[in-house]
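Welcome! Take a moment to turn the model around on your screen, and then let us walk through some parts of it together.

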Amino acid sequence: MTTFGEDLQMSDDKTRRPSRQEVPRGLAKVSNIIAVASGKGGVGKSTVSTNFAMALLKTGAKVGLLDADIYGPSQPAMLGAVGKRPEMRGDYLIPMERHGLKFMSLGLLMTDDQPVIWRGPMASKMIQQFLGNVLWDDLDYLIIDLPPGSGDVQITLAQQAQLTGAVIVTTPQQVALGVAKKGLQMFETVNVPIVGVIENMSGFTCPKCGENTPIFKSGGGEKLAADFKVDFLGSIPLDPELMACGDDGTPLLVKTTDSSSAKAFIHLAKTFKEKVAKGALLGKNEARNMEMANGNLEVEWPEGTKNEFTPYNLRINCGCALCISEDTGQRILDPKQVPLDIKIGAFERVGRYAVTMSFSDGHNTGIYKFDMLRELAKKQKDSSRESFSV
Ligand code: ADP
């Protein structure tokens, strides 16, 4: 395995995502970072990622594809780049270009006979380094082909990449659907917005008569999207040509834009672009907006409701190691020591999941997770009811 790049610090906190300033330099010129994920392997996630990226390219967008499937990187084969080595500039890997698509794959850094043995923290660390050390040019969309599953590696990526959103690929079969749910839940946990669900291998379209036969059950993807109240982006039929194109290193969309599956990908790309352009992608508990109002921190939530938090209430609820004992979980900070007229100096969003702030008493080490602020808002409401009823 080629080693490259600077040593990035791993965080133990699973819900910690980097702030804007921490976005890896290589990703600084990328407007939208979209992960393509699936609960399990073999549902066609890589095939969909490649052709979806090509379809976006056909609609005039600047697109990159990052194959982060650490356990089975298949993009070099699908894009006809097996055995090629990427160029390096200093610490950075320079993406290759195939059929107009900029791409980088872990597979380009491995040798054919090298078993993929990274596990757990090693895999997370490896993928984090990889993500931070590819130097992308101006891109409208960077599509990341994630490894299947919903474990540490996927969580690391979701946290580190500042994802705009995630697309979930599933097949209509029940087994695949069950695990696709886990993938969806994982993104919700780390507040990554779900752009939508794609159903792959959705029936077989006869190349002669054009009739679609649902070989597996159909409508599963739509049901999954409805259950999670996310959008259904579209379905891709089972298509022998799609498979053949993947095998010979030229994506279907390079060969034709006319077949039923090629049209399905173009339709998918257009639906996706409209959805992302609306700019309404927010995580379930992600603040839509934050501002100071009458000295308080006002947070607006995705559904449009707002909560105000006084500096005093925020300060005494700080969960940092200076205020809460890491050993016992007991509060060390004595609320009586906090001046009632304490003020917030400045605040800053931390990734998509939290806010940090500095107080007039000099304290600035607390990270307030949005989930925790939601809870605090509920308590504020309850205590104001209590004081009203007294
Ligand atoms: P994953 O990335 O989920 O493991 P792949 O994209 O590698 O899955 O696809 C697994 C196999 O299924 C490949 O041989 C691929 O060509 C084939 N495949 C994927 N989607 C389709 C489809 N819609 N029609 C026909 N074959 C497909």
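In which helix is the place of Q154? Q154 belongs to helix 4, which covers residues 152–160. Keep in mind as you look that this is a predicted model.

## Q154 and helix 4

Is Q154 buried or exposed? With a relative accessibility of 4%, Q154 counts as buried, because buried means under 20% relative accessible area. The side chain of Q154 also has polar company. The backbone oxygen of P148 is reached by this side chain at 2.7 Å. A polar atom of the Q154 side chain also lies 3.4 Å from the backbone oxygen of G149.

Now look at the whole helix. Eight of the nine residues of helix 4 are buried, so this helix is largely enclosed by the rest of the structure. The buried residues are V153, Q154, I155, T156, L157, A158, Q159 and Q160. Just after helix 4 comes Q162, which takes a positive phi of about 50°.

## Strand 9 and its partners

Next, find strand 9, residues 194–205. Why is strand 9 described as largely enclosed by the rest of the structure? The reason is that 10 of its 12 residues are buried.

Strand 9 pairs with several other strands. With strand 8, residues 165–170, strand 9 pairs in the parallel sense over five bridges. Strand 9 and strand 11 are also paired in the parallel sense, over five bridges. V197 is a good residue to click on here: V197 in strand 9 is the bridge partner of I168, and in strand 11 the bridge partner of V197 is F232.

The pairing of strand 9 with strand 10 is antiparallel and has two bridges. Here T205 has N212 in strand 10 as its bridge partner. Strand 9 and strand 10 form a hairpin with six residues between them, and G210 in the turn has a positive phi of about 80°.

Follow the chain on from strand 10 and you meet G219, in the loop between strand 10 (212–213) and helix 6 (220–227). G219 has a relative accessible area of 30%, so this residue is partly exposed. The C-alpha atoms of G219 and S235 are separated by 9.2 Å, and these two residues are 16 apart along the chain.

## Around the ligand

Which residues come nearest to the ligand? Of the 15 residues around the ligand, they are G42, K45, S46, T47 and D239. The shell divides into seven nonpolar, six polar and two charged residues. Helix 1 (45–58), strand 9, strand 11 (232–238) and helix 7 (240–248) each supply at least two residues of this shell. The largest share, three residues, comes from helix 1.

The table lists polar backbone atoms that lie close to ligand atoms.

| Residue | Ligand atom | Distance from a polar backbone atom |
|---|---|---|
| G44 | oxygen | 2.9 Å |
| P237 | nitrogen | 2.9 Å |
| D239 | nitrogen | 2.9 Å |

How much of the ligand does the protein bury? Taken alone, the ligand exposes 560 Å², and the protein buries 82% of that.

## Two open sheets

Finally, look further along the chain for two sheets. In one, three strands form an open sheet in the order 12-13-14, with antiparallel pairing. Strand 12 (289–293) and strand 14 (306–309) stand at the edges, each with a single partner strand, so one side of each has no neighbour in the sheet. Neighbouring strands of this sheet are turned by 25° against each other on average, direction ignored. Strand 13, residues 296–300, is joined to strand 14 by four bridges. L297 stands opposite F309 in strand 14.

The other is an open sheet of three strands in the order 15-16-17, also with antiparallel pairing. Its edge strands are strand 15 (344–350) and strand 17 (367–369), and each pairs on one side only. From one strand to the next, the twist averages 30°. Three bridges join strand 16, residues 354–359, to strand 17, and the two run antiparallel. To see one of these bridges, look for A354, whose bridge partner in strand 17 is K369.

Conventions:
Residues numbered from 1 in each chain as written. Predicted model: local features only at pLDDT ≥ 70, side-chain atom pairs only at ≥ 80, totals over all residues. Heavy atoms only, no water. Pairing = 2+ DSSP bridges. Axes fitted to C-alpha atoms, helices over the stretch in contact; angles between N-to-C directions. Near = heavy atom within 4 Å. Polar contact = N/O pair within 3.5 Å; in protein donor to acceptor, adjacent residues only side chain to side chain. Areas by Shrake-Rupley, 256 points an atom, 1.4 Å probe, with all protein chains shown as cover. Nonpolar A, V, L, I, M, F, W, Y, C, P; charged D, E, K, R; others polar. Buried < 20%, exposed > 50% of the residue type's maximum accessible area, 1.4 Å probe, protein only.
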